[in-house]
Amino acid sequence: MRSENIPFVGGPLDGRVLPVLVGPTGLPPKTYEIPVPRDDGRPPEVHLYRRVPGPPGRLGLPRGWRYAYDPEGRPAAGPKWPWRKRR
């Protein structure tokens, strides 16, 4: 599989650039979860990052992708159908 170096913005990985596997279409996953172990034996804390467009280039089009920290940390609950209400 192919990977791309993608910058992370906000949260514990702020300013880091990590290699992320891309899918068959060349896009990284929409969300990226990072489990952080705890010392007291509780389950690990999970930090969630969402894919957002990168900074604009010379023509105003976004260049690549980056991950922005989501402090709520709730992953999407499945596909978003246009004919259904959000829960």
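1. **Strands β4 and β5.** In this predicted model, strand β4 is joined to strand β5 (residues 65-70) by 6 bridges. The two strands run antiparallel. One facing pair is R51 and Y67, with Y67 on the β5 side. Both residues return below.

2. **Strands β3 and β4.** β4 spans residues 45-53 and also pairs with β3, residues 31-36. Here again the link is 6 bridges, and the strands run antiparallel. Within this pairing, Y32 has Y49 of β4 as its bridge partner.

3. **The sheet as a whole.** Which order do the strands take? The order is β2-β1-β5-β4-β3, in an open sheet of 5 strands with mixed pairing. β2 (17-21) and β3 are the edge strands, and each of them pairs on one side only. On average, neighbouring strands of the sheet are turned by 40° against each other, direction ignored.

4. **The β1 and β2 side.** β1 pairs with β2 over 5 bridges, in the antiparallel sense. Across this pairing, I6 stands opposite L18, a residue of β2.

5. **Aromatic pairs.** How many aromatic pairs does a search of the whole structure find? The search finds 5. One of them joins F8 and Y67; their rings are stacked, with 5.3 Å from centre to centre and 25° between the planes. This pair links distant parts of the chain: F8 belongs to β1 (residues 3-9) and Y67 to β5, 59 residues apart. The planes count as stacked because their angle of 25° falls under the 30 degrees cut-off.

6. **Burial of that pair.** Are F8 and Y67 buried or exposed? F8 counts as buried, because its relative accessibility is 2% and the limit for buried is under 20%. Y67 is buried too, with a relative accessible area of 1%.

7. **The ring cluster.** Ring pairs link F8, Y32, Y49, Y67 and Y69 into a cluster. Two of its members, Y32 and Y49, are also bridge partners, as noted for β3 and β4.

8. **R51 and W65.** What does the charged end of R51 sit over? It sits over the ring of W65, 4.5 Å from the ring centre. R51 is also the residue opposite Y67 of β5.

9. **D70.** This residue lies in strand β5. D70 counts as buried, because its relative accessibility is 14%. Which side chain makes a polar contact with the side chain of D70? That of R50 does, at 3.0 Å. Leaving out residues up to four places away in sequence, D70 touches L48, Y49 and R50. R50 therefore appears in the contact list of D70 as well as in its polar contact, while D70 itself is buried at 14%.

10. **K30.** This lysine is placed in the loop between β2 and β3. Is K30 buried or exposed? K30 is exposed, with a relative accessible area of 63%. Which residues are in contact with K30, neighbours within four places in sequence aside? They are Y49, R50, R51 and Y67. K30 and Y67 are 37 residues apart along the chain, and their C-alpha atoms are separated by 8.8 Å. The contact list of K30 thus joins an exposed residue to Y67, which is buried at 1%.

Terms used:
Residues numbered from 1 in each chain as written. Predicted model: local features only at pLDDT ≥ 70, side-chain atom pairs only at ≥ 80, totals over all residues. Heavy atoms only, no water. Pairing = 2+ DSSP bridges. Helix = DSSP H or I, 4+ residues; strand = E, 2+ residues; numbered from the N terminus. Phe/Tyr/Trp six-rings, centres within 6.5 Å; stacked < 30°, edge-to-face > 60°. Buried < 20%, exposed > 50% of the residue type's maximum accessible area, 1.4 Å probe, protein only. Lys NZ or Arg CZ within 6 Å of the ring centre and 35° of its normal. Polar contact = N/O pair within 3.5 Å; in protein donor to acceptor, adjacent residues only side chain to side chain. Contact = heavy atoms within 4.5 Å. Axes fitted to C-alpha atoms, helices over the stretch in contact; angles between N-to-C directions.
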